[in-house]
Structure formats: C-alpha cells, structure tokens
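This briefing is meant to be read alongside the sequence and the 3D structure. It takes up covalent links, sheets, the core and charged pairs in turn.

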Amino acid sequence: QVQFVESGGGLVQPGGSLRLSCVASRSMFTNLRTGWYRQAPGKQRELVAAISSGISTKYADSVKGRFTISRDDAKNTMYLQMNSLKPEDTAVYYCNAPILSDYRPAYDLWGQGTQVTVSS
C-alpha cells in the first residue's frame with residue numbers, strides 16, 4: 001500500500017508563493033496520472049491540478065496561471081508551485097495517485113496533507 005507524504009505548506013501573505021512537495025513511498029508515478037487536491041474548512045475536497053506522464057496537465061479554473069504542477073518520477077516526487085496566492089487558496093493540500101480519467105482518485109487513500117494558510 002503506497003503512502004504519500006506532503007510538505008511545504010505554511011502561512012503566507014496574499015500574493016506570496018509556496019512550493020509543495022509530495023513523496024510516494026514507492027515508485028509508482030511513471031505512466032500514471034497524479035495530482036493535487038485541497039480541502040478547505042466546510043468544503044468538499046477538490047482537484048487542484050493533475051499531471052500525466054510529465055506532459056499533459058489539468059488545472060482547476062481557480063488556479064490557472066498561478067499554480068504549476070510538476071513531478072520527478074525518478075524521485076517519486078511531485079510538486080505544486082503556487083504563486084500569487086489568495087486567501088481563498090487556504091486549505092489542506094493532499095496528493096494522490098493514480099487519478100482516473102474523470103480526475104477522481106482511484107483509491108481513497110490520503111496522507112496527512114499540508115496546511116496552506118493565506119492571510120495578512
């Protein structure tokens with residue numbers, strides 16, 4: 001059973017940047033769609049960004065142009081570069097893989113997530 005460890009969250013002012021990292025406990029990203037989700041208080045978990053084989057990407061409309069997803073398959077690591085952060089980006093961010101064609105995770109297995117708080 002794979003485990004995910006997310007890191008890189010924190011408190012940042014509006015307009016600031018953060019880079020999140022996700023490490024999988026075993027080699028599994030190659031040839032799979034992987035992605036980041038987030039869950040804000042009182043809201044459902046939502047897809048933030050997904051990446052397939054390091055080339056094809058998908059972003060939630062709310063983060064397009066501000067967030068960039070990438071990954072290093074050799075390191076079993078996925079990243080989320082977040083720029084121009086807004087208070088509405090405040091949430092716990094999770095990674096997951098594999099992700100199905102409808103962008104739901106294939107397995108309901110989640111790490112502890114990493115908290116991102118955007119506030120002045």
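The count of disulfides in this predicted model comes to one. The bond is formed by Cys-22 and Cys-95, whose sulfur atoms are 2.0 Å apart. Cys-22 lies in strand β3 and Cys-95 in strand β9, so the disulfide ties together parts that are 73 residues apart in sequence.

**Disulfide**

- A disulfide is a covalent bond between the sulfur atoms of two cysteines.
- The torsion about the S-S bond of Cys-22 and Cys-95 is about 70 degrees, so this disulfide is right-handed.
- Both cysteines are buried: Cys-22 is, and so is Cys-95.

**Four-stranded sheet**

- Four strands form an open sheet in the order β1-β3-β8-β7, and their pairing is antiparallel.
- At the edges of this sheet are β1 (residues 4-7) and β7 (residues 67-72), each of which pairs on one side only.
- From one strand to the next, the twist averages 15 degrees.
- Strand β3 (residues 18-24) is joined to strand β8 (residues 77-82) by six bridges, and the two run antiparallel.
- Within that pairing, Leu-20 stands opposite Leu-80 in β8.
- Strand β3 is also joined to β1, by four bridges, again with the strands running antiparallel.
- Here Phe-4 stands opposite Ala-24 in β3.
- In a regular strand the side chains alternate between the two faces of the sheet.
- In β1, Phe-4 and Glu-6 make up the covered face, while Val-5 and Ser-7 make up the uncovered one.

**Six-stranded sheet**

- A second open sheet has six strands in the order β2-β10-β9-β4-β5-β6, with mixed pairing.
- Its edge strands are β2 (residues 10-12) and β6, and each pairs on one side only.
- Neighbouring strands of this sheet are turned against each other by 20 degrees on average, direction ignored.
- Strands β5 and β6 run antiparallel and are joined by four bridges.
- Ala-49 stands opposite Tyr-59 in β6.

**Nonpolar core**

- The largest nonpolar core has 28 residues, and those touching the most other members are Phe-4, Trp-36, Leu-80, Met-82 and Tyr-93.
- At least two residues of this core come from each of β3, β5 (residues 46-52), β7, β8, β9 and β10 (residues 114-118).
- The strand giving the most to the core is β3, with four residues.
- Two of the highly connected members have appeared above: Phe-4 belongs to the covered face of β1, and Leu-80 stands opposite Leu-20.

**Salt bridges around Asp-89**

- The whole structure contains six salt bridges.
- Asp-89 is found in the loop between β8 and β9.
- Its relative accessibility is 0%, under the 20% limit, so Asp-89 counts as buried.
- Arg-38 forms a salt bridge with Asp-89, with the closest N and O atoms 3.0 Å apart.
- That pair links distant parts of the chain, 51 residues apart: Arg-38 is in strand β4 (residues 33-39), and Asp-89 is in the loop between β8 and β9 (residues 91-96).
- Arg-38 is buried, as is Asp-89.
- Asp-89 also forms a salt bridge with Arg-66, and here the closest N and O atoms are 2.7 Å apart.
- Arg-66 lies in the loop between β6 (residues 56-59) and β7, and Asp-89 in the loop between β8 and β9, so this pair ties together parts that are 23 residues apart in sequence.
- Arg-66 and Asp-89 are both buried.
- Leaving out residues up to four places away in sequence, Asp-89 touches Arg-38, Val-63, Arg-66, Phe-67, Ser-84, Val-116 and Val-118.

**Asp-102, Arg-104 and the shared network**

- A salt bridge also joins the side chains of Asp-102 and Arg-104, with an N to O distance of 2.6 Å.
- Asp-102 has a relative accessible area of 42%, which means partly exposed.
- Arg-104 has 49% relative accessibility, so Arg-104 also counts as partly exposed.
- Arg-38, Glu-46, Arg-66 and Asp-89 are joined into one network by salt bridges that share partners.

Methods. Residues numbered from 1 in each chain as written. Predicted model: local features only at pLDDT ≥ 70, side-chain atom pairs only at ≥ 80, totals over all residues. Heavy atoms only, no water. Pairing = 2+ DSSP bridges. Axes fitted to C-alpha atoms, helices over the stretch in contact; angles between N-to-C directions. Salt bridge = Lys/Arg side-chain N within 4 Å of Asp/Glu carboxyl O. Buried < 20%, exposed > 50% of the residue type's maximum accessible area, 1.4 Å probe, protein only. Core = buried A, V, L, I, M, F, W, Y, C linked by side-chain atoms within 4.5 Å. Contact = heavy atoms within 4.5 Å. Disulfide = S-S within 2.5 Å.
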